[in-house]
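Take the model below one element at a time. The text follows a helix, then a loop position, then a pair of strands.

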Amino acid sequence: MKRFVLILAALLSLGVGAAAKVTLPDLLGSGMVLQRNSMVEIWGATDGDRAVKVVTSWNGAKYSAKPDAGGNWSVKVSTPEAGGPYSIRISDGDRILLNDILVGEVWICSGQSNMEMPLGGWDHQRVKDAYETINDAASTPLVRMFTVKRHNADTPQEDCTGEWKRSTPDALRYFSATAYHFGKTLSRFMPDVPIGLVASVWGGTPIEAWMSVATLESIPGINLPLSKSLYWDVVHTGQLFNGMIYPLRRFTARGFIWYQGEANLVNAGDYAALTVAMVNEWRTLWGNPEMPYYLVQIAPHSYDNPDGTGLPLLVEQQYRIPGLLPHSAVAATTDIGHRDCIHPPYKKEVGERLAWLALARDYGVRDLPVTPTYRSMKVEGDSIRLSFDGVSTIGNCFRVHGPKEKLVLKGFEIAGEDEVWHDAAAEIDWKTNDIIVSCPEVPSPVAARYAFHNWPGEANVVTDNGLPLPMFRTSL
């Protein structure tokens with residue numbers, strides 16, 4: 001017996017028979033959703049030197065990877081069409097079994113507090129119809145959710161903290177309301193396709209926080225000194241990118257949805273350039289220059305002055321983004337803001353509108369609502385004719401939001417050479433879907449604008465499909 005113990009001790013001292021320890025990042029766990037029809041990465045670390053073997057249940061394929069000097073390993077596995085549940089076995093002597101894995105569509109959901117706001121709401125701030133949504137969790141069994149724990153870091157991190165959750169009332173109560181309604185709408189149109197939602201959010205953060213310092217400093221023409229003085233601290237610029245975006249880059253995803261902007265009213269003029277830089281960096285990280293990016297128009301809110309124009313100036317920049325960034329679009333919110341609360345309760349509408357963009361552009365669903373956007377103007381005597389994209393005389397006409405007996409278009413203003421704005425009467429040309437605006441006080445108009453205030457409470461133009469006309473100005 002003593003001789004056996006001595007022999008065993010000698011073998012263990014040589015590493016023979018010693019059990020290695022395989023570890024995985026939190027993103028790779030039971031209950032996760034993997035992107036379908038892709039080569040997705042499975043990666044981790046081991047404290048041994050044996051090859052790590054990976055077996056996927058959907059096709060029985062076997063993969064192997066030798067760990068590097070630091071014990072890190074990685075394999076690319078082929079995923080099938082949507083389906084599941086499946087399992088993945090991982091072993092280098094130490095065995096890990098991941099089960100209840102679904103294969104479908106994965107989206108990264110990011111931004112500040114309006115993306116962060118959970119279905120359960122916050123104190124004195126509630127999400128519309130949240131009770132019904134939470135208690136109807138069983139209607140979305142193929143939606144899975146992962147929330148990245150808040151983390152700022154001085155250097156790029158390889159892992160984040162979080163856990164995949166199934167659609168249960170408890171899980172929904174604490175998950176992003178906008179992201180969930182986005183996923184729920186996708187699931188409604190594609191009932192056999194699992195949806196994975198990865199929420200990386202932090203309230204009050206500017207867009208600068210979500211890109212690397214190197215990328216931010218490489219952007220010519222932005223107001224960097226202002227940005228530095230406002231946001232250059234451990235909670236903001238570069239820190240969240242390092243801790244909450246960089247660790248996600250190896251997890252294959254279809255695209256990004258984004259709800260942020262309120263924290264950038266102070267430097268609104270930079271917003272389009274900053275967005276293009278951020279999205280291009282993210283696309284580079286994920287190795288896909290065509291990943292779709294859909295953002296939410298920040299919603300009307302009074303801020304410190306309901307008549308101010310800080311918000312529409314940023315919204316103006318948001319609607320420039322699709323012209324500068326391929327595979328991007330904006331979900332309009334002119335009709336679903338809140339005068340006194342910066343967190344409007346209408347997260348279902350926001351999530352649905354984001355999903356309609358993805359469904360139409362990425363999944364081939366036809367005849368979904370389209371947001372009208374300003375195209376051009378023409379002065380006609382004492383009037384201005386406004387023309388729009390996204391409307392037609394058949395199927396997506398303009399109408400007025402509100403009771404039919406009050407068919408009066410509100411929210412328009414015009415100005416002459418003196419650049420003084422006046423409320424304008426407006427009417428729809430039903431033959432063209434143009435809108436004609438005029439005002440007796442402005443006999444020679446040169447410019448028009450619509451809903452161009454922080455809180456444009458009376459603005460009421462929508463389409464037959466219920467999508468609002470975004471705030472805009474023709475010039476000045």
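Which residues of α9 are buried? In this predicted model, the buried positions of α9 are Tyr-271, Ala-272, Leu-274, Thr-275, Val-276, Ala-277, Met-278, Val-279, Glu-281, Trp-282, Arg-283 and Trp-286. With twelve of its 16 residues buried, α9 is therefore largely enclosed by the rest of the structure.

The length of helix α9 can be checked as well. Helix α9 covers residues 271-286, and at 1.5 Å a residue its 16 residues should span 22 Å. The C-alpha atoms at its ends are 22 Å apart, so the expected span and the model agree. Just after α9 comes Gly-287, which takes a positive phi of about 70 degrees.

Next is a loop position. Ser-302 sits in the loop that lies between β13 (293-296) and α10 (310-318). Its relative accessibility is 9%, and because buried means under 20%, Ser-302 counts as buried. Leaving out residues up to four places away in sequence, Ser-302 touches His-338, Arg-339, Asn-454 and Trp-455.

The last stop is a hairpin. Strands β4 (residues 52-56) and β5 run antiparallel and are joined by four bridges. Across this pairing, Val-54 stands opposite Tyr-63 in β5. Five residues separate the two strands of the hairpin, and in it Gly-60 takes a positive phi near 70 degrees. Strand β5 (residues 62-65) has two faces: Tyr-63 and Ala-65 form the covered one, whereas Lys-62 and Ser-64 form the uncovered one. Tyr-63, the residue opposite Val-54, thus belongs to the covered face of β5.

Technical notes:
Residues numbered from 1 in each chain as written. Predicted model: local features only at pLDDT ≥ 70, side-chain atom pairs only at ≥ 80, totals over all residues. Heavy atoms only, no water. Expected span 1.5 Å × (residues − 1). Buried < 20%, exposed > 50% of the residue type's maximum accessible area, 1.4 Å probe, protein only. Contact = heavy atoms within 4.5 Å. Pairing = 2+ DSSP bridges.
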